[in-house]
Amino acid sequence: KNNKGAKIGAKVLDQISADLQKELPGLKGSSAGDLKKIRIFAEAILSTDNWFDTVEPIWAADSGDIFSTVIYVKEIENKDFYGAFFGISFSHHFTIITKIKPWEARIFYIYSTATNFWSLTVLERSEERRV
């Protein structure tokens, strides 16, 4: 990425954020920074062609949270993974994606977080001990 492209991208996110806040007052997770996190999450998830077809951030009317996500899942044998994946929060996912690079380790932390009901603090401490 060049510097000019980064500035243009930031302006686009700022405009989308402003438009969302204007159209949907009170919408959580719609700041430019939040939208950048959604983009990072989607890019990371789509970087593996084994699990997901597409990822689309949507606004969930029931929670008012833009981080609710529709993920179209490919058929694979291990259905437990999907229960774990959908059983943890966006904040947990974002921490795993930004701090843990190998997919095998990400899977371990997704399972561990979901099955042990780790808070974000516990996840972060566990990840720090890993390094």
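This report describes the fold, the nonpolar core, one enclosed helix, one cavity and several individual residues of a predicted model.

## Overall fold

The protein chain contains six helices and two strands. Following the sequence, these elements come in the order α-α-β-β-α-α-α-α, with helix α1 covering residues 3-23.

Of the 131 residues in the protein chain, 36% are buried. The accessible surface of the chain is about 8200 Å², and carbon and sulfur atoms account for 55% of that area. When contacts between residues at least 6 apart in sequence are considered, 47% of them link residues at least 24 apart.

## The nonpolar core

In soluble globular proteins, nonpolar side chains tend to be buried together. In this model, the largest nonpolar core comprises 24 residues. Those with the most contacts inside this core are Phe41, Ile45, Phe85, Ile96, Tyr109 and Ile110. Four elements give two or more residues to the core: α2 (32-46), α3 (80-86), α4 (90-99) and α5 (103-116). The greatest contribution comes from α2, which supplies six residues.

Ile96 serves as an example of the contacts made by a core residue. Leaving aside residues up to four places away in sequence, Ile96 touches Ile88, Arg106, Tyr109, Ile110, Thr113 and Leu123. Two of these partners, Tyr109 and Ile110, are also listed with Ile96 among the residues with the most contacts inside the core.

## Helix α4

Helix α4 is largely enclosed by the rest of the structure, because seven of its 10 residues are buried. The buried residues are Phe90, His92, His93, Phe94, Thr95, Ile96 and Ile97. They pack against α2, α3, α5 and α6 (120-130).

His93 is part of this helix. Its relative accessibility is 5%, so His93 counts as buried, the cut-off being under 20%. Apart from residues up to four places away in sequence, His93 is in contact with Phe41, Phe85, Ile88 and Ile110. Of these partners, Phe41, Phe85 and Ile110 are among the residues with the most contacts inside the largest nonpolar core.

## The cavity

Rolling a probe the size of a water molecule over the atoms shows where empty space is left. For this model, the count is one cavity of 30 Å³ or more. The volume of the largest cavity is about 40 Å³.

Its lining consists of Ile45, Phe85, His93, Ile96, Ile97, Trp103, Arg106 and Ile110. Helices α4 and α5 are the elements that give two or more residues to this lining. By residue class, the lining has six nonpolar residues, one polar residue and one charged residue. The lining shares Ile45, Phe85, Ile96 and Ile110 with the list of residues that make the most contacts inside the largest nonpolar core. His93 and Arg106 also belong to the lining, and Arg106 is in contact with Ile96.

## Helix α3 and its distances to other residues

Phe81 is located in helix α3. Phe81 counts as buried because its relative accessibility is 3%. Between Phe81 and Phe108 the C-alpha distance is 9.9 Å, while the two residues stand 27 residues apart in sequence.

Tyr82 is also in helix α3. With a relative accessibility of 9%, Tyr82 is counted as buried. A C-alpha separation of 9.5 Å is found between Tyr82 and Tyr111, which are 29 residues apart along the chain.

## Residues outside the buried set

Gln15 belongs to helix α1. Gln15 counts as partly exposed because its relative accessibility is 46%, and this class lies between the limits of 20% and 50%. The C-alpha atom of Gln15 is 9.8 Å from that of Ser31, and 16 residues separate the two along the chain.

Phe117 is found in the loop between α5 and α6. Its relative accessible area is 73%, so Phe117 is exposed, the class for values over 50%. The phi angle of Phe117 is near 55°, a positive value in a residue other than glycine.

Note on methods: Residues are numbered from 1 along each chain as its sequence is written. This is a predicted model: local features need pLDDT of at least 70, side-chain atom pairs count only at pLDDT 80 or more; totals for chains, interfaces and linings use all residues. Side-chain values use heavy atoms; hydrogens and water are left out. A nonpolar core is a set of buried Ala, Val, Leu, Ile, Met, Phe, Trp, Tyr and Cys residues joined through side-chain atoms within 4.5 Å. Buried means under 20% relative accessible area, exposed over 50%, partly exposed in between (1.4 Å probe, protein chains only). Contact means heavy atoms within 4.5 Å. Accessible areas come from the Shrake-Rupley method with a 1.4 Å probe; for residues, only the protein chains shown count as cover. On a 1 Å grid over the protein atoms alone, a cavity is a set of points where a 1.4 Å probe fits but cannot get out, and a pocket is an open set with protein on both sides within 12 Å along at least five of seven lines; lining residues have an atom within 4 Å of a point. Grid points are joined across faces, edges and corners, and a volume is the space filled by probe spheres set on the points. Ala, Val, Leu, Ile, Met, Phe, Trp, Tyr, Cys and Pro count as nonpolar, Asp, Glu, Lys and Arg as charged, and the others, Gly among them, as polar.
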